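Okay, can everyone see the screen? I'll put the model up and walk you through a few spots in it.

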Amino acid sequence: MSDAGSDEFDDERSKLGEYEGDRNEAGERHGVGKAVLPNGDIYQGQYENGKRHGEGTYRFKNGARYVGDYYQNMKHGQGTFYYPDGSKYEGSWVEDLRHGRGVYTYPNGDTYDGEWLHHMRHGQGIYHYHETGSKYKGSWVNGKMESAGEYIYSNHRYEGNFVNNNPSGPGKYVFDIGCEQHGEYHQTEEDQAEANWDELASTTVLKWIPKCVTGLTHRSSGKETSAGEKDTGSAEEGAEIQPV
């Protein structure tokens with residue numbers, strides 16, 4: 001849904017709705033006031049020279065609500081946005097967009113705590129899956145898991161590279177019992193029959209190719225050392241990586 005305020009004009013009474021509060025010498029809204037917009041939205045907070053500026057609360061007719069900082073009519077600074085579907089974002093805003101550090105709580109209980117850019121998860125962050133308790137910790141690009149990261153489960157974790165929300169290339173599973181399974185994730189195309197007789201649709205399938213099992217790897221002087229390496233010939237599948 002859109003979380004932009006609808007009080008865009010402060011020069012025509014018909015577009016401003018009702019207002020009670022402070023004004024400057026020019027008659028503009030200035031100081032603290034309350035506005036009831038023609039569409040039913042309500043803003044209560046600080047104004048400067050006719051624009052929402054400073055701390056305020058904007059209540060949308062559809063049930064959404066923003067509580068936080070404004071700058072020249074835009075959400076800018078720190079603030080919390082409550083969405084009608086039950087989700088919530090608490091963090092930094094830049095020119096009406098989620099930008100900087102913030103926490104988003106989704107309707108199903110999942111949470112993302114990390115960096116944002118232009119409304120999308122971007123930078124370093126942690127996504128926690130409420131239902132399973134697992135989480136992804138690492139890099140994000142344009143809302144997707146990308147580059148180095150780790151997927152953490154209850155008794156083990158996967159460390160490696162991610163591409164378009166999926167693990168890709170070399171990586172390892174680290175188990176709490178004290179061993180690691182090294183290997184690679186390969187993406188293969190699997191054909192699926194479509195309704196039309198002569199058409200096939202392909203879907204990407206992840207396949208974990210195990211290489212060897214070792215003791216826990218220790219980092220020393222920038223290098224990894226391990227104890228007790230053993231090849232494994234079984235095509236044991238790694239735990240499933242959940243999409244966001």
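Let's start at a turn. In the hairpin of β10 and β11, there are six residues between the strands, and Gly133 takes a positive phi near 85° there. Before I go on, keep in mind that this is a predicted model. The two strands themselves, β10 (residues 120-128) and β11, pair in the antiparallel sense, over six bridges. If you want a spot to click on, take Gly123: its bridge partner in β11 is Trp140.

Now follow the chain into the next hairpin. β11 also pairs with β12, antiparallel again, over six bridges. Here, Gly138 has Gly149 in β12 as its bridge partner. The hairpin of β11 and β12 has two residues between the strands, and Asn142 takes a positive phi near 50° in it.

Let me jump back towards the start of the chain. Strand β2 (residues 29-36) pairs with β3 in the antiparallel sense, with six bridges, and Lys34 sits opposite Gln44 in β3. This hairpin has five residues between the strands, with Gly40 at a positive phi near 100°. Then β3 pairs with β4 (residues 51-59), antiparallel, over six bridges. Glu48 stands opposite Lys51 in β4. There are two residues between the strands in the hairpin of β3 and β4, and Asn49 has a positive phi near 50°.

Zooming out for a second: what does the protein have in the way of helices and strands? One helix and 19 strands. It runs to 244 residues, and 35% of them count as buried. The accessible surface comes to about 14100 Å², with 47% of that belonging to carbon and sulfur atoms. For the contact-map people: take contacts between residues at least 6 apart in sequence, and 21% of those join residues at least 24 apart.

On to the inside. The largest nonpolar core has 30 residues, and the ones with the most contacts inside it are Phe81, Met145, Tyr151 and Tyr158. Several strands each supply at least two residues of this core, among them β3 (42-48), β11 (135-141), β12 (144-152) and β13.

Hold on to Met145, as it comes up again with Asn165. Where is Asn165 placed? In the loop between β13 (156-163) and β14 (166-175). And is Asn165 buried or exposed? It has a relative accessible area of 14%, under the 20% cut-off, so it counts as buried. A polar atom of the Asn165 side chain lies 2.8 Å from the backbone nitrogen of Met145.

Last stop is Glu184, in strand β15 (residues 179-193). Its relative accessible area is 25%, and because partly exposed covers the range from 20% to 50%, Glu184 goes in that class. Which residues does Glu184 touch, leaving out those up to four places away in sequence? Gly169, Pro170, Lys207, Trp208, Ile209 and Lys211. Look at Pro170 in particular: Glu184 and Pro170 are 14 residues apart in sequence, but their C-alpha atoms are 4.2 Å apart in space. Closer along the chain, the side chain of Glu184 makes a polar contact with the side chain of His186, at 3.0 Å.

That's my tour, so shout if you'd like any of those spots back on the screen.

How values were computed: Residues are numbered from 1 along each chain as its sequence is written. This is a predicted model: local features need pLDDT of at least 70, side-chain atom pairs count only at pLDDT 80 or more; totals for chains, interfaces and linings use all residues. Side-chain values use heavy atoms; hydrogens and water are left out. Helices (H or I, at least four residues) and strands (E, at least two) are DSSP runs, numbered from the N terminus. Buried means under 20% relative accessible area, exposed over 50%, partly exposed in between (1.4 Å probe, protein chains only). A polar contact is a pair of N or O atoms within 3.5 Å; within protein, one must be able to donate a hydrogen and the other to accept it, and residues adjacent in sequence count only if both atoms are side-chain atoms. Contact means heavy atoms within 4.5 Å. Accessible areas come from the Shrake-Rupley method with a 1.4 Å probe; for residues, only the protein chains shown count as cover. A nonpolar core is a set of buried Ala, Val, Leu, Ile, Met, Phe, Trp, Tyr and Cys residues joined through side-chain atoms within 4.5 Å. Two strands pair if DSSP finds at least two bridges between them.
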